[in-house]
2 protein chains.
Amino acid sequence: MTHSCRTLRSFSRAVVNAHYDGRMPRRSAEDRAPSQVDVARAAGVSTQTVSRVISGHPNVRPETARRVMAAVDAVGYRWHAAAASLASGRTRTIGVILVSTARYSTSAILLGAEGAAAEAGYTVITASVPQHSGPAAFTDAFDRLERQGSEGIVVLAPVGFLAEALGSRVERTPTVGHRQSDGIGADALIDQRAIARMATEHLLDLGHRTVWHVSGDEFWQESSARRDAWEAVLLERGATPPPVIPGDWSPASGYRAGRTIAAIPDATAVFVSSDEMAFGVIRALHEARRAVPGEISVVSVDDIALAAYATPALTTVRQPFEEVGRAAAMRVIELIEQREPVSVEPLRPELVLRASTAPPKG
Amino acid sequence: MTHSCRTLRSFSRAVVNAHYDGRMPRRSAEDRAPSQVDVARAAGVSTQTVSRVISGHPNVRPETARRVMAAVDAVGYRWHAAAASLASGRTRTIGVILVSTARYSTSAILLGAEGAAAEAGYTVITASVPQHSGPAAFTDAFDRLERQGSEGIVVLAPVGFLAEALGSRVERTPTVGHRQSDGIGADALIDQRAIARMATEHLLDLGHRTVWHVSGDEFWQESSARRDAWEAVLLERGATPPPVIPGDWSPASGYRAGRTIAAIPDATAVFVSSDEMAFGVIRALHEARRAVPGEISVVSVDDIALAAYATPALTTVRQPFEEVGRAAAMRVIELIEQREPVSVEPLRPELVLRASTAPPKG
DNA sequence: TTGTACGCGTTATCAA
DNA sequence: TTGATAACGCGTACAA
């Protein structure tokens, strides 16, 4: 990093390339990789015809196409994405912004997005943002992805300030996944309020008087959406919402919350905002000799692979993560290609009944 | 997909672009995005100077640089990665091949790789391969990444046939992560035999006569490496290796294995090849009224976030996944830049003692 | 420290 | 159905 570069930091950080590390010599004409020109010469056609064959355009005589492909193999030609991008103005690349916390859901959503993108002929590039970053980290990630040529961006981090942080960026580059309330990518997401509603109503239906709540990280919009819906359901049913017990998605925070709950004599039901926290909650309850679901029922959210193997097996509201990824990717691609959204069925959470809930005793 | 395209499938699949969907009109000269030419004009310098400022080259007068950056902001210039790649012959992109199963380890490794790549000024693109795919799926993924301009590739899928499947590809594009025994990227990986050794020796040291083993998916090289080392340790110590109980990394397969073990009266210790399987094993044991660790000790591998919240908390051999990702990315980048490997300390697994193991009773 | 000239490999346009 | 030609926007070589 040179001095001049550092002083430039105050200007458009989105533009300056920080990684100067010496120039690369240009390769001499002889050891250049074979190009469409070489193929054209070998096949006795124009480079345009080669391009058409390579790109799968219609209106090429099969015989010609075969000659071209034979030449491709003969000269060892390989397509050059950068040159194509420069000429066509398209990169067929979408970017994904991730929060850097290793979780089952992260990989599931990413895998779904990557699969859907690949099927549509797009490539996925990722940019991660440290947990609990401020707006700047998100705009940096966004800029990085744009600079690499992302034609659209999926933000897998529903944090509250995203809309303001991203600002006008989302107008020039199609963006999906932040802020359901903005209407941006609304159908790519799961209705978080519905999740909380299903969980809370399930416990109420079992006969519990009220339901306690262990919330997720306040940084994530899911957390407040679920909290609001949980509260609304209780109020609708004439129950008094107890104070929220804060968590941060981690099992450790669930454990702390569990200790709190264990100390509340009349608590009989808890809605925990993630399976991972539920493991912590249940362990704390277990250590405090409070039986689950005998004395206290627990419902959580996600249905990770391990949910069925908790003791007791978790009753939980399943989120179809992979489909979320697929839907988000498909939606950005539709936006990029300015197609109308294909009306697919909305992604529905699903209550999976297992062994961590029961009617209150007595 | 046209007819001619389909008949061409028999030729180089790595070359044909399957996704023709109409040509994009070229934008007229007026609404072209601002380029370095526009910046140069606005700043009253040459495009070359603009390029130097943007790329962070040294030897630019600070005052000039400032004028350029002001012009950048004024005209709304944005760097064009494809054009830079075409001119420089470099993409600063690395590809990562993933097996499409959502797991904690997948996201942890990926996040590590992405972070390290970003620090070095590289972008990560991903390609996923369905679980249990044959060699063709891997070569397809490899080709996809190469076509997008990956200068190096990290393969996060240590399956046995990779070396043969990839063949000469790894010579033209630096590749890390498959086959420790090949010496390719050896230091980017964790010694899987050491993991099995630590686990097995821990149980033997506690006084167990022998150790049973629940293996991982045979598709992964880890599985056989660990099995071999487990067997070797038992033999060294004069114990008789019992038959291997097969698993596939999933909690469900662990559960099945657990039922098998529960039916073996003299089993007192098990080395389970992943934490997720251990959850299944312990649940099965629990249902069969076999106390853990009272009657049977369990050691597993990974140390996922939930390991500490199993009942009992899992004694497990920790794999530093994020560092694995970092190391792999750094290693490919070194190979790309033809630098000598920076000798960092090898990644060491670590035995984390918790509550699932104990000396045999009696 | 700065500028001129050229080439990188492909696709869009338009004509044949 | 095919071909000639002109961009696309940047980085490198080399000269000043």
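In this predicted model, the domain assignment splits chain A into three pieces: domain 1 covers 32-88, domain 2 takes in 89-189 + 322-336, and domain 3 runs over 192-319. Going by C-alpha atoms, the centres of domain 1 of chain A and domain 2 of chain A sit 34 Å apart.

Now for how the two chains go together. A turn of 180° with a shift of 0.0 Å along the axis lays chain A on chain B, with an RMSD of 0.1 Å. That is just the relation of a two-fold axis. The copies also meet through the same surface, because 98% of the interface residues of chain A are interface residues in chain B as well.

As for the contact itself, chain A puts in 86 residues and chain B puts in 84 residues. Between them, about 7400 Å² of area is buried, and carbon and sulfur atoms give 62% of that. The interface of chain A and chain B also holds 4 salt bridges. In a salt bridge between B:E114 and A:R144, the side chains come to 3.6 Å, N to O.

Then there is the empty space inside. Rolling a probe the size of a water molecule over the atoms shows where such space is left. The structure turns out to have 5 cavities of 30 Å³ or more, and the largest cavity holds about 90 Å³. Both chains help line the largest cavity: A:Y104, A:E276, A:I304, A:A305 and A:L306 are there, along with B:Y104, B:E276, B:I304, B:A305 and B:L306. That lining is made up of 8 nonpolar residues and 2 charged ones, with no polar residues.

Technical notes: Residues are numbered from 1 along each chain as its sequence is written. Chains are lettered from A and ligands numbered from 1 in the order in which they are written. This is a predicted model: local features need pLDDT of at least 70, side-chain atom pairs count only at pLDDT 80 or more; totals for chains, interfaces and linings use all residues. Side-chain values use heavy atoms; hydrogens and water are left out. Copies are superposed by least squares on the C-alpha atoms of residues with pLDDT of at least 70 in both. Contact means heavy atoms within 4.5 Å. Domain bounds come from an automatic or database domain assignment. On a 1 Å grid over the protein atoms alone, a cavity is a set of points where a 1.4 Å probe fits but cannot get out, and a pocket is an open set with protein on both sides within 12 Å along at least five of seven lines; lining residues have an atom within 4 Å of a point. Grid points are joined across faces, edges and corners, and a volume is the space filled by probe spheres set on the points. Ala, Val, Leu, Ile, Met, Phe, Trp, Tyr, Cys and Pro count as nonpolar, Asp, Glu, Lys and Arg as charged, and the others, Gly among them, as polar. Buried area is the accessible area (1.4 Å probe) that two parts lose on being put together, summed over both.
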